[in-house]
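Here is a short briefing on strand pairing, charge and salt bridges. Please keep the structure open while reading.

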Amino acid sequence: MHLSDLCWVSSSLSPVMTNTMTEDLDVLVFLPQNNSYLFSYERVAPAIRYAQKRLKADGGQYSGFNFNIQFENSDCLYDAFFTLADRSCGQKPDLILGPVCEYEAAAVVRLASHWNIPVISAGALATGFANKNKEYSHLTRIAPPYVKMAETFTAMFEHFSWRSALLVFEDDREQRNCYFTLEGVYHLMSNYNIESYVLTDDKPLDTDELLRSISDMEVVIMCMGAEKIREIMLAAHKRQMTTGKCIFFNVELFNASSYGNGSWKRGDEYDNDARQAYAALNTVTLLRTVKPEFENFSIEMKMPFEKVGLHDCNDCENVNMFVEGFHDALLLYTIALHEAMKNGYSKKNGTEITSRMWNRTFEGIAGQVSIDANGDRNGDFSLMTMINVEAGTYEVVANYFGVNGTFQLLPAFNTEHFTLKGGDKDHPEKTDKSDTPCGLGVSALTGVIVGAVLGAVILVAFYFFRKNYRITIERRTHGEECDSGKHRQLREDSIRSNFSAA
């Protein structure tokens, strides 16, 4: 861990030019143009430019780095991979930021790692990306992966001696955010009795069936849209299951409608019942630290939306995990690059620069950022409960700090609220999760593998077709042109992906 990084801001803004290095750097950023994404171009690009301006200011030690930032569209399917592949014979970027979506990120990171290019993303949070031995070797995750959030639940289970949980989540079979979110819980807590209940288009919510499944469990952990969470809590309250017989949680990592937002109020006839039901609902979310610099940053992030008059970007002004993360990504790369160059390495040595981004701590826009030895950010999370039932207001009652694994109870914490009532429940023998026929029983890696295999085959085949290449298996001669080398390189990478988890 590099403790000197904690003072990087002051040093970078220092007028002393002694350690200033000069280098032109090409940065390729993949962000969706579609503002329905929380990590869209309109939301995130201002944060990256803010970091670029900050690094350049006042002649600090990083002011000699000239970032040429190119933004490209990410459609969470194939766009990012095609854009990167088109550069195989031309100028390759020195750094890639993004993509966020799991399936698209898998293809991009494989190719970038093959080309020795560092990749930093505030996404790619699924458990499968933790395997950095080969195909994801150059990936640094600047936002806490889902498995880091799962550590919060393991800390609570140990503290309260809970033994069983039902994971209830929506699986859209596309981006699969909730699927990947609770996958981390499922696999990290293999020593507990964990079962899953999955909602899909083919299997809509059946509250009667779900509540029967809940009745055998101590804890329920939910990840789904806010409306469905409200429907479940109302049904549980009607069955008198919100009186301590079961502990309810929802996960709200991104403050978005795709995750339950903890809001009970709708202005309808069920509001009063919903308020009482939500008194039993606890929310796990990212810990928010507030410092003056972050407040200024938040104000700056709102200005671009006011200038362009966006009408289709809900809550664009909110500084979410992705906005904050991509800002800090450029800072982290700059610190590592500067250190590598001081030690005689080139900007093209992606392996060396990546290694210097791992296992270090630095000061980000919202507070201290800690990257572990595997290149993944340690996460800090908060536990919120309804403190005032009459008013229906929530408050943070505990925090989990991932860097040292501590669970901090705050003054508002009420142990009685998390104490099971009604006696011990039966705990069936743990079954082999690999034999579970649905839900998370088959590792989420399997889901990614299937998607990656099909996606890689389709996208690589389409790419070759588009470029009108002939696919051959003859050995190439030393005199071949660049296009042939490009074809061979992509073919070998796509073959690897067929046998790899995303």
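In what sense do strand S10 and strand S13 pair, and over how many bridges? The pairing of S10 (residues 281-286) with S13 (residues 380-388) is antiparallel and runs over 4 bridges. The model is predicted. S13 also pairs with S14, and salt bridges link several parts of the chain, as set out below.

**Strand pairing around S13**

- In the pairing of S10 and S13, threonine 285 stands opposite serine 382 of S13.
- S13 also pairs with strand S14 (residues 393-401), in the antiparallel sense, over 8 bridges.
- Phenylalanine 381 is set opposite tyrosine 400, a residue of S14.
- S13 and S14 form a hairpin with 4 residues between the strands.
- In that hairpin, glycine 392 has a positive phi near 70°.

**Negative surface patch**

- Asp172, Glu174, Asp201 and Asp202 form a negative patch on the surface.
- Aspartate 172 sits in the loop between strand S6 (164-170) and helix H6 (177-188).
- Its relative accessibility is 40%, so aspartate 172 counts as partly exposed.

**A partly exposed salt bridge**

- Side chains of opposite charge can pair when their charged atoms come close.
- The count of salt bridges comes to 22.
- One of them joins aspartate 208 and arginine 239, at 2.6 Å from N to O.
- Aspartate 208 belongs to helix H7 (residues 207-214), and arginine 239 to the loop between helix H8 (226-238) and strand S9 (247-251), so the pair ties together parts 31 residues apart in sequence.
- Aspartate 208 is partly exposed, at 38% relative accessibility.
- Arginine 239 is partly exposed too, at 42%.

**Buried salt bridges**

- Glutamate 324 and arginine 377 meet in a salt bridge with an N to O distance of 3.7 Å.
- This pair links distant parts of the chain, 53 residues apart: glutamate 324 is in helix H11 (residues 321-342), and arginine 377 is in the loop between strand S12 (368-371) and S13.
- Glutamate 324 has 10% relative accessibility and so counts as buried.
- Arginine 377 is buried, at 12%.
- Glutamate 339 forms a salt bridge with arginine 356, and their closest N and O atoms are 2.8 Å apart.
- Glutamate 339 lies in helix H11 and arginine 356 in helix H12 (residues 350-357), so this pair ties together parts 17 residues apart in sequence.
- Glutamate 339 is buried, at 16% relative accessibility.
- Arginine 356 is buried, with a relative accessible area of 16%.

**Salt-bridge network**

- Glu23, Asp94, Lys347 and Lys348 are joined into one network by salt bridges that share partners.

Technical notes:
Residues are numbered from 1 along each chain as its sequence is written. This is a predicted model: local features need pLDDT of at least 70, side-chain atom pairs count only at pLDDT 80 or more; totals for chains, interfaces and linings use all residues. Side-chain values use heavy atoms; hydrogens and water are left out. Two strands pair if DSSP finds at least two bridges between them. Helices (H or I, at least four residues) and strands (E, at least two) are DSSP runs, numbered from the N terminus. Patches are made of residues with over 30% relative accessible area and no salt bridge: like charges are joined within 9 Å, nonpolar side chains (Val, Leu, Ile, Met, Phe, Trp, Tyr) within 5 Å. Accessible areas come from the Shrake-Rupley method with a 1.4 Å probe; for residues, only the protein chains shown count as cover. A salt bridge is a side-chain nitrogen of Lys or Arg within 4 Å of a carboxyl oxygen of Asp or Glu. Lys and Arg count as positive and Asp and Glu as negative; His and the chain ends are not counted. The place of a charge is taken as NZ of Lys, CZ of Arg, CG of Asp or CD of Glu. Buried means under 20% relative accessible area, exposed over 50%, partly exposed in between (1.4 Å probe, protein chains only).
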